[in-house]
Amino acid sequence: MKTVEEIKTAIEAAVPGVGLTIIPNPGPSGQHSLLLAPEHAASVAKFLRDDAEFTLDFLSNVSGVDWPDKEIAEKVKVTRQVTKTVDGEEQSVEETVEEVRKHVQPGFLEVVYHLYSVAKKHGPVTLRMRTINRSDQVELPSLTPIWRSAEFQEREIFDLYGVVFVGHPDLRRLLMWDGFKDHPMRRDYVEPDDYEYEPTPHDSVLLKAKAHQAAVAGRESAQ
Amino acid sequence: MAVDENLKIELGKQGVFVTTVEELYNWGRRSSIWPMQFGLACCAIEMIATTMARYDLARFGAEVFRPSPRQADMMIISGTVTKKMAPQVVRLYNQMAEPKYVIAMGACAISGGPFKQGYNVLKGIDRYIPVDVHIPGCPPRPEALLQAFMTLQKKIDAQPLTGEGRPRHLDAEAQGEFPVPVEGEHDLEPASNKGVWTVPVVIR
């Protein structure tokens, strides 16, 4: 099996103008993945499947990942003018202060494809695609036309994460019902408050049961 | 009106069989409980094993699994009831003819079990339909299901035909149909049938 750098070079030679980034995996397995630009995903997938050298004919797994908005605090050294009283007279002095700056790294949804070759007995090649954000721009191209086994897994990701796969032949919810509005596997999913009966609460369930009882008591005292 | 046990034995020795209509009626009912043929999860495998030769559910006259709710007397909720499946389970229960009984088999059917805190599993089918026998276990062994059958038979045997505690089909006032929950935007609506299930008091 070629290294991820060699795969990247091969794809770049075959599909001109493709946006590819290597996402390293620091773990001992060293299974680095390739981040695809969504607009070229279909042609890259077709190349990987049909190329004589790769022949990645088996899509083993499609997973969804939710990356929520992340607040990053950075310590920055700032130089500024400060008025100080030195030896009895006021002076303007430059001073270097450490300042904590916070910025929010916007979240996104990610889809990971694991590809193998049954014919060549090699793999996996890991592909990733990312949406622009988590709210309104969540479209990604479907790879179901390339690998048929993606159909149900993409439906499941659509159901549980809310990624909309453009070009999917039958994009409906898979596990939850059609009228369901939430995406339960997202990190900010709010579950319905049904902790009214917890005979053996513990840890997080205990906290939720207590919160439920407090809410019920609050409602009763308000009446 | 019950027959005096000693008198019954004495008459039996003389070759006279004495019984009451109630006893005969309930004997008939409890000896041919036909379950409905459906399984929801892995508990169904144990249910299937119970019907096979080793455990032999036929001893109780309950081996005739009916593929139609119209012909079934009992529903074995054998496995996890997901929120997507719950309306169908209640609908099937409504379609069964009276008298009808329910055995909730296994941890999932009685409380949600290991999936209780999940987003898609109902926390016990007794929130929507009345359950006669609950069996704990994950999954319960076939012996536990047989025990549930025998408990149910005892329950049927003890049912009077008139007055308080008579079965629903002899009570014109009794509720025979149970509201089917609607698939809402975030959860099933309502989350439980208040007429069937109230929050149990936890004694600590």
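This note comments on a predicted two-chain model, point by point.

1. Basis. Local features are given only at pLDDT of at least 70 and side-chain atom pairs only at pLDDT 80 or more, whereas totals for chains, interfaces and linings use all residues. Residues are numbered from 1 along each chain, and chains are lettered from A in the order in which they are written.

2. Confidence. The model has ipTM 0.77 and pTM 0.84. For chain B the mean pLDDT (the predictor's confidence in each residue, from 0 to 100) is 90, with 100% of residues at 70 or more.

3. Interface. Contact (C-beta atoms, placed from the backbone, within 7 Å) links 15 residues of chain A to 13 residues of chain B. The chain A side comprises nine nonpolar, one polar and five charged residues; Ala, Val, Leu, Ile, Met, Phe, Trp, Tyr, Cys and Pro count as nonpolar, Asp, Glu, Lys and Arg as charged, and the others, Gly among them, as polar.

4. Sheet. In chain B, three strands (DSSP runs of E, at least two residues, numbered from the N terminus) form an open parallel sheet ordered E1-E2-E3. Pairing requires at least two DSSP bridges between two strands; E1(B) and E2(B) have five. E1 and E3 of chain B are the edge strands. Within the E1(B)–E2(B) pairing, B:Ile76 is opposite B:Ile103.

5. Helix packing. H3(B) (helices are DSSP runs of H or I, at least four residues) lies across E1 and E2 of chain B, at about 130° to E1(B). Angles run from 0 to 180 degrees between N-to-C directions of axes fitted to C-alpha atoms, for helices over the stretch in contact.

How values were computed
Contact = placed C-beta atoms within 7 Å.
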